[in-house]
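User: I have a model open and would like to learn how to read its strands and helices. Could you walk me through it?

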Amino acid sequence: MSHVLQEKDQRLHTNIAGISMNTPVLTASGTFGFGEEFADFVDLSRLGGVMVKGTTLKPRRGNDGVRITESPMGMMNCIGLENPGVDVFLKETLPRIEQYGMNTIVNISGGTVEEYGILAEMLDVPGVAAIELNVSCPNVKEGGIVFGTDPKAAAAVVREAKKHTKKPVILKLSPNVTDIVTMAKACEDAGADILSLINTLMGMEINIHTQRPTLGNITGGLSGPCIKPVAVRMVWQVAQAVNVPIIGMGGISSFEDAIEFFLAGASAVAVGTANFADPNVTMKICDGIDNYLAEHKLDSIEQLVGKVQID
Amino acid sequence: MALPKKKVAIDAKVISQQALYDHVFKLVVEAPEVAERAEAGQFVQLRILNGSCLLRRPVGIAAADKDKGTVAFIYRVVGKGTTALSQLKAGDTINVLGPLGHGFDIKAKKPLIVGGGMGLSPVLFYAAAMEGKADVLMGGKTAGELFWQDLFTGKVQDIFCTTDDGSLGTKGFTTTLLPELLAKKDYDLVVACGPEIMMKGIAKIAKEHGVRCQVSLEKRMGCGLGACLSCSIDTTDGQRKKVCKDGPVFEAGEVFA
């Protein structure tokens, strides 16, 4: 099932670092499985891409105990990168999801710099549109956040991945840093083709009845509408400082939210937590963006990117 | 009848909201697309549309009427989501995502339903689906908590009750009476839903008597579609499974050692 570009979607078509996207709306890793779980609700090929669940070299069981909790205008999770491993992904998942005709972007996570290279090389296969480097998972002890908070380590991960794949390499930035612009520049200099931001903000909830943390992993990643202003600000700051395209994400649940990210400087957006509330929300966001472009007499999304007027 | 989509997300009109007991409500909504697809043991994810909750709330299906196109839920008010749910009135709208997961085996010849507390809700649908072939063993703290008797009457052959305080039926738990029932009657399946500790006990006794047992698990959920992996559980063979997609109904031996 491949999406036939509807006349209205002609305006939404875009191209980012060589990835042809029917719309500039993607789904964020960890919130959309492998896409197939949402096939009853979404025309997957209409999405700009599906950033699939974080994949590691070996299978991971993820964290024990409570993994999700709702917070004011948001939620926290501590899944801990549960996934079947890259071998199962390549042998079973990828052939199975090919039928949906979507851009499959594989989010990878390594415990060492070398592991990112190995994963990038293994995934340099037909059917994979791009690699997203997860250096900012707040829920795993090794790797993850360490690479995401040190510009030298993040740059090393980017270089290693670029060395081992011809696919576009996306680096996903963590907001849990002192200066996200420093991180962004280091990753651009190291050769990242695209930057995606932001990952979740590290948070914590304490149950006052048990006087214990709610989440099994004590802390978790905060997502949802409550983080949107932080994400818009960070996208705007990073867009000033780099030339590579940005995939903006963080709390997007409506087309209005998405437009803010484009104005701030994102070339595409990804929707995460909102998929849980409304499995069809991405399609509504596509329609809304298209209407907005028409109302503002714009022919393409590019004409909106970074156009926030300041002063 | 093969339906093109296994699950739907639809706005549903609230038909009625009725208080059944202290903090326990029955909500009936008009959702024909869900009613025609629903199987006993499945659940839905309800989205309250007034903005009070970001995430959906998983709720077991207590009844589905294909002719009327209605689906019923019985729930206890325990937090923010269920409080908001209990404030809905006839004519209000709620979004229903479902039906989700896998249900109980309806091919059994003589099943015994065992339920405790709100666990009696999804098995009420199973009782109806079995068209009078099942018996039910229900447990509660007091006689008042077993208001469920009225709901099961006419849907099952025999109703057995246990109460913690002995105010109705056998004094004790469902596990107190279960061995006697399994020894006396020719059940080919035990279907259990309730607190995990109860289901573990039920599963153990069923195993000892050589009767197959299915249990329905509950876990915090995000998407309900098998994507977010919030509701992972350990299986006895060392795997991880998802309550929302692989369950909520599992063979007891799959989840309890």
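Analyst: We'll go through strands, helix packing and a sheet in turn. This is a predicted model, where local features need pLDDT of at least 70, side-chain atom pairs count only at pLDDT 80 or more, and totals for chains, interfaces and linings use all residues. Residues are numbered from 1 along each chain as its sequence is written, while chains are lettered from A and ligands numbered from 1 in the order in which they are written.

User: Is strand E7 of chain A mostly covered or mostly uncovered?

Analyst: Start with the terms: strands (E, at least two residues) and helices (H or I, at least four) are DSSP runs numbered from the N terminus. A residue is buried if 20 or more other C-beta atoms lie within 10 Å of its own, exposed if 12 or fewer, and partly exposed in between, with C-beta atoms placed from the backbone. Here, E7(A), residues 104–108, is mostly covered, with 5 of its 5 residues buried. Both faces are covered: Thr104(A), Val106(A) and Ile108(A) sit on one side, Ile105(A) and Asn107(A) on the other.

User: Which strands does E7(A) pair with?

Analyst: Strands of a sheet pair through backbone hydrogen bonds, either parallel or antiparallel. We call two strands paired if DSSP finds at least two bridges between them. E7(A) pairs in the parallel sense with E4(A), residues 49–55, over 4 bridges, and Thr55(A) stands opposite Ile108(A). E7(A) also runs parallel to E8(A), residues 130–134, again through 4 bridges; there, Asn107(A) has Glu132(A) as its bridge partner.

User: What do E7(A), H2(A) and E8(A) make together?

Analyst: A crossover is right-handed if, with the strands pointing away from the viewer, the path from the first strand over the helix to the second runs clockwise. With helix H2(A), residues 113–122, in the middle, E7(A) and E8(A) make a right-handed β-α-β unit.

User: Why is H7(A) largely enclosed?

Analyst: Count its buried residues: 8 of the 10 in H7(A), residues 255–264, qualify, so the helix is largely enclosed by the rest of the structure. Among them are Phe255(A), Ile259(A) and Phe262(A). Contact means C-beta atoms, placed from the backbone, within 7 Å. The buried residues of H7(A) pack against E3, H6, E15, E16 and H9 of chain A. Just after the helix, Gly265(A) takes a positive phi of about 130°.

User: How do H6(A) and H7(A) cross?

Analyst: Axes are lines fitted to C-alpha atoms, for helices over the stretch in contact, and angles run from 0 to 180 degrees between N-to-C directions. These two axes come within 8 Å and cross at roughly 25°. That makes H6(A) roughly parallel to H7(A) (under 35 degrees; over 145 is roughly antiparallel, 65 to 115 roughly perpendicular, and the rest oblique). Residues making the contact include Trp236(A) of H6(A) and Phe261(A) of H7(A). The crossing is right-handed: the near helix is turned clockwise from the far one by less than a right angle, whereas anticlockwise would be left-handed.

User: And what angle do H5(A) and H6(A) pack at?

Analyst: About 45°, with their axes 9 Å apart, which makes H5(A) oblique to H6(A). This crossing is right-handed.

User: What is the strand order of the sheet in chain B?

Analyst: The 7 strands form an open, antiparallel sheet ordered E4-E3-E7-E1-E2-E6-E5. E4(B) and E5(B) stand at the edges, each with a single partner strand, so one side of each is left without a neighbour in the sheet. The twist averages 35° from one strand to the next. Within the sheet, E3(B) and E7(B) pair over 4 bridges, with Leu46(B) opposite Val96(B).

Notes: Contact = placed C-beta atoms within 7 Å.
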